[in-house]
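Trainee: Could you pick one part of this model and take me through it closely, then follow its links outwards? I'd like to see how the local details fit into the wider picture.

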Amino acid sequence: MDLKLKNILSMFVFLLLVSSSNAQSGVYDVTGANYGGKANSDITQALSKAWTDACASTSASKIVVPSGTYKFVGATFKGPCKGPIEFQLQGTLQAPEHIKELPKEDTWVAFERIDGLTLSGGGTFDGQGATAWKQNDCHKNKDCKFKAVNLRFNFITNSIVRGITTKDSKNFHVNLLGCNKLAFQDFTVSAPKESVNTDGIHMGRSTEINITDTTIGTGDDCISIGHGTKQLHVTNVTCGPGHGISIGSLGRTEDEEPVSGIFIKNCTITNTDNGVRIKTWPASPAKGTAVSDVHFQDIIMDNVKNPVVIDQEYCPHKLCTPEVSSKVKISNVSFKNIKGSSSGPVGVKLLCSGKLPCENVELSNIDLTYTGDKGSITSECKHVKPTINNVAKPLACATSS
């Protein structure tokens with residue numbers, strides 16, 4: 001046999017053995033011989049096959065996407081898997097620019113029904129959303145089509161997302177549904193303030209979610225907390241640009257589940273439309289829901305237009321009947337040690353429901369200065385009698401009804 005050919009065959013056998021060894025040891029590299037993925041090319045099939053193999057492993061497994069940029073049309077990575085699984089994204093996955101190229105219009109990447117998932121590696125999910133933002137009218141059209149979310153986590157348990165970036169999603173960056181004991185650490189959301197409906201992390205019907213040491217800059221809510229969320233802890237989050245950290249909006253549809261046990265602490269909010277906010281729709285359906293045991297504490301506001309908000313008259317673009325009171329009951333809410341600057345003249349705005357006034361609301365150690373030129377800082381309260389401690393008079397429900 002020709003020596004050159006013999007060397008080529010030997011190398012081929014060696015690569016196969018390495019690939020096989022990696023798989024047997026629980027490492028599934030999408031650029032390995034078994035999968036054939038390459039940087040600057042489409043690795044949809046390679047990554048999907050690697051997931052299938054890793055998910056079938058009865059021992060702990062790891063999928064690796066090495067450094068580099070890879071095209072990825074999209075997929076739903078489904079469980080249950082037979083063992084713990086780590087998805088290590090070291091490079092950048094890049095979505096198609098146009099929605100029509102996606103397998104599902106409302107989803108780019110989804111993880112579903114998995115216990116013991118780790119998403120790590122320091123890589124980036126790049127949604128390439130600029131074209132979609134121009135077509136998005138959900139902010140004014142209640143019947144709009146929901147565009148692709150960068151990352152969906154559906155029914156994920158006992159899992160962690162660590163050191164990952166989501167960039168320029170076509171719609172929400174992250175959506176959680178039915179998750180339990182899911183943590184985000186050292187997580188980054190990046191999109192310009194002009195991006196439409198690009199909430200950073202949105203969740204609903206989920207329990208024991210922890211978000212720590214995270215940086216979110218986007219065109220909508222940094223974190224939006226939907227109905228059915230319980231025991232959420234948000235700590236050391238930097239938010240801005242965006243619309244702040246919001247509970248809601250709630251009360252727009254029937255059979256919404258209560259929200260309770262929400263703890264937002266040690267966060268910095270910069271150059272946003274809102275700071276910390278609870279928002280509910282007027283004219284709620286007959287079966288209202290409830291918000292309780294909510295605590296915002298140790299928050300720094302830096303040039304925030306509306307720093308402290310309860311808005312039960314939330315009705316953007318006149319998509320509701322504002323004259324009819326909200327049926328969402330709000331109780332046991334505290335705003336403590338909130339300091340910094342407000343770019344709007346109303347530093348504290350508590351507009352509660354006339355039908356179901358807010359109960360057990362506390363304002364404590366609120367210290368905000370107004371940076372604008374429309375008079376002095378003030379506050380506005382309606383259908384609420386908060387407990388007030390160490391709050392300057394202009395911020396202590398200066399006008400109330």
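**Starting from one strand**

Mentor: Let's start at Asn236, a residue of strand E19. Keep in mind throughout that this is a predicted model. Asn236 is worth a look for its backbone: its phi is near 55 degrees, a positive value in a residue that is not glycine. Asn236 counts as partly exposed because its relative accessible area of 39% lies between the limits of 20% and 50%.

Now look at what flanks this strand. On one side is the loop between strand E18 (223-225) and strand E19 (230-239), and Thr229 is found there. Is Thr229 buried or exposed? With a relative accessible area of 0%, Thr229 is buried. Its side chain reaches back to the backbone oxygen of Gly226, at 2.8 Å. Setting aside neighbours within four places in sequence, Thr229 is in contact with Met203, Gly204, Arg205 and Ser206, and also with Pro258, Val259, Ser260 and Ile262. On the other side, the loop between E19 and strand E20 (245-250) holds Pro241. The peptide bond leading into this proline, from Gly240, is cis, with omega near 0 degrees.

E18 and E20 take us into the sheet. Twelve strands make up an open sheet with parallel pairing, in the order E4-E7-E10-E13-E16-E18-E20-E22-E24-E26-E28-E30. At its edges are E4 and strand E30 (399-400), each paired on one side only. E18 runs parallel to strand E16 (residues 201-204), and three bridges join the two. Within this pairing, His202 stands opposite Ser224 in E18.

Let's follow the sheet towards E30. Strand E26 (residues 346-351) and E28 run parallel and are joined by five bridges; here Val346 has Thr378 of E28 as its bridge partner. E28 in turn runs parallel to E30, with two bridges between them, and Glu380 stands opposite Thr399 in E30. In a regular strand, side chains alternate between the two faces of the sheet. Strand E28 (residues 378-382) shows a covered face with Ser379 and Cys381, and an uncovered one with Thr378, Glu380 and Lys382.

Now go to the other edge, E4. The loop between E4 and strand E5 (85-89) contains Pro80, and the peptide bond from Gly79 to Pro80 is cis, again with omega near 0 degrees. E4 also brings us to the aromatic residues. The whole structure has 13 aromatic pairs. One of them is Trp51 with Phe77, a tilted pair at 5.2 Å centre to centre and 45 degrees between the planes. This pair links distant parts of the chain, since Trp51 sits in helix H2 (residues 44-55) and Phe77 in strand E4 (residues 75-78), 26 residues apart. Both rings belong to buried residues: Trp51 has a relative accessible area of 4% and Phe77 one of 2%.

Compare that with Phe111 and Phe153, whose ring centres are 5.7 Å apart; their planes meet at 15 degrees, so this pair is stacked. Because Phe111 lies in strand E7 (residues 107-112) and Phe153 in strand E10 (residues 149-154), the pair ties together parts that are 42 residues apart in sequence. Phe111 and Phe153 are both buried.

These four residues share one aromatic cluster with Phe72, Phe87, Trp108, Phe125, Phe184 and Phe187. Nonpolar side chains tend to be buried together in soluble globular proteins. Here the largest nonpolar core has 96 residues, and those touching the most other members are Trp51, Phe111, Phe153, Phe335 and Leu350. Not counting residues up to four places away in sequence, Phe153 touches, among others, Phe111, Leu117, Val161, Leu176, Cys179 and Phe184.

One last stop brings us back to the theme we began with. Asp186 also has a positive phi without being a glycine, at about 50 degrees. Asp186 is found in the loop between strand E14 (180-185) and strand E15 (188-190), and its relative accessible area of 49% makes Asp186 partly exposed.

Methods. Residues numbered from 1 in each chain as written. Predicted model: local features only at pLDDT ≥ 70, side-chain atom pairs only at ≥ 80, totals over all residues. Heavy atoms only, no water. Phe/Tyr/Trp six-rings, centres within 6.5 Å; stacked < 30°, edge-to-face > 60°. Helix = DSSP H or I, 4+ residues; strand = E, 2+ residues; numbered from the N terminus. Buried < 20%, exposed > 50% of the residue type's maximum accessible area, 1.4 Å probe, protein only. Core = buried A, V, L, I, M, F, W, Y, C linked by side-chain atoms within 4.5 Å. Contact = heavy atoms within 4.5 Å. Polar contact = N/O pair within 3.5 Å; in protein donor to acceptor, adjacent residues only side chain to side chain. Pairing = 2+ DSSP bridges.
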